[in-house]
Amino acid sequence: MSDKNRLRGTIVWKKILPPSLTAIMLLALWQAAVSFGWVYEWLVPAPFDVVRESVNIAPRLAAHTWSTLQLTATGFMLGSLAGFLIAALLHMIPIVRSALYPFLILTQNIPIVVLAPMITMLLGYGFLPKAILVTLVCFFPVSVAMLNGLANTDPVLRNYMQMIGSSDRQLFWQLELPYAMSHLFSGLKIAATYSMLSAVVAEWLSPKEGLGGFLVMSARNYLPARVFAAVLIIALVSLLLFAVVEWAERYLIRWRPKREGGRG
């Protein structure tokens with residue numbers, strides 16, 4: 001094994017091993033708390049009971065998870081696209097930014113639980129209003145992060161490109177957007193996490209399908225093992241979405257200079 005591969009393996013283990021050990025310790029403590037009667041089993045089921053119940057209802061959990069994933073992916077992609085386009089528009093047309101930026105902030109000052117009844121009153125309880133709710137949550141972090149990145153473009157390079165006659169469109173695609181990519185992916189990571197959370201909340205509106213609906217119905221019927229199973233799946237999917245965006249960032253932004261200390 002080469003030194004480069006060995007170093008890469010060491011870095012991977014340093015990133016994976018500590019959180020894995022922490023998760024194992026927390027699960028062991030949780031199991032011990034139930035086994036020794038520190039908490040009531042009918043209130044907080046043991047991890048083994050949660051796993052057993054998950055296996056027993058695996059087809060139902062898989063169907064609900066797939067429904068939530070469809071909603072999450074749709075809202076995340078639409079929200080990310082909307083955030084990108086809004087940021088580009090506000091950056092390239094300053095007068096539009098002055099007029100619309102306060103309203104951009106205002107969209108996030110209204111909680112999703114307040115918007116939900118209004119949207120369902122207009123559009124019903126189907127897939128569309130839920131996707132709109134997730135989109136509204138996801139577009140903001142992408143838009144704000146990208147705007148910050150576009151504003152932090154190297155002024156020396158900007159002046160040089162303007163001196164050689166570059167148009168605003170060339171400045172955007174060849175200089176400003178590449179500089180903003182790191183900021184853009186920071187926003188995408190936040191949006192990826194919010195997308196799952198907002199999808200689950202949106203599914204509360206019509207608790208017939210999806211993990212959010214399954215969670216509500218399980219709680220109403222007082223089935224704690226199923227509630228914990230749904231929560232664990234939601235957490236794992238959120239981590240997976242975050243990891244996918246982080247992998248895409250590393251794949252697409254290979255040109256970034258390494259930070260001090262040798263870390264990319």
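This report covers the overall build of the protein chain and then one residue, Glu203.

**Whole chain**

The model is predicted. The protein chain holds 10 helices and zero strands. Read along the sequence, the pattern is α-α-α-α-α-α-α-α-α-α. Sequence-distant pairing is well represented: of contacts between residues at least 6 apart in sequence, 71% join residues at least 24 apart. Charges in the chain number 21 positive and 12 negative. Their mean positions lie 3 Å apart.

Some global values for the protein chain follow.

| Property | Value |
|---|---|
| C-alpha trace span along principal axes | about 75 × 60 × 30 Å |
| Buried share of the 264 residues | 39% |
| Accessible surface | about 16400 Å² |
| Carbon and sulfur share of that surface | 70% |
| Separation of mean positive and mean negative charge positions | 3 Å |

**Glu203**

Glu203 belongs to helix 8, which covers residues 168–203. Is Glu203 buried or exposed? Glu203 is buried, yet has no salt bridge. Which side chain of opposite charge is nearest to Glu203? That is Lys130, 5.9 Å away. A salt bridge requires a side-chain nitrogen of Lys or Arg within 4 Å of a carboxyl oxygen, so the pair does not qualify.

The Glu203 side chain does reach a backbone atom. Its partner is the backbone nitrogen of Leu211, at 3.2 Å. Leu211 also appears among the contacts of Glu203, counted without neighbours within four places in sequence. Others in that set include Glu209, Gly210, Gly212 and Gly213. Ser67, Thr68 and Leu71 are in contact with Glu203 as well. Lys130 is also in the set, although no salt bridge forms.

How values were computed. Residues are numbered from 1 along each chain as its sequence is written. This is a predicted model: local features need pLDDT of at least 70, side-chain atom pairs count only at pLDDT 80 or more; totals for chains, interfaces and linings use all residues. Side-chain values use heavy atoms; hydrogens and water are left out. Helices (H or I, at least four residues) and strands (E, at least two) are DSSP runs, numbered from the N terminus. Buried means under 20% relative accessible area, exposed over 50%, partly exposed in between (1.4 Å probe, protein chains only). Contact means heavy atoms within 4.5 Å. Accessible areas come from the Shrake-Rupley method with a 1.4 Å probe; for residues, only the protein chains shown count as cover. Lys and Arg count as positive and Asp and Glu as negative; His and the chain ends are not counted. The place of a charge is taken as NZ of Lys, CZ of Arg, CG of Asp or CD of Glu. A polar contact is a pair of N or O atoms within 3.5 Å; within protein, one must be able to donate a hydrogen and the other to accept it, and residues adjacent in sequence count only if both atoms are side-chain atoms.
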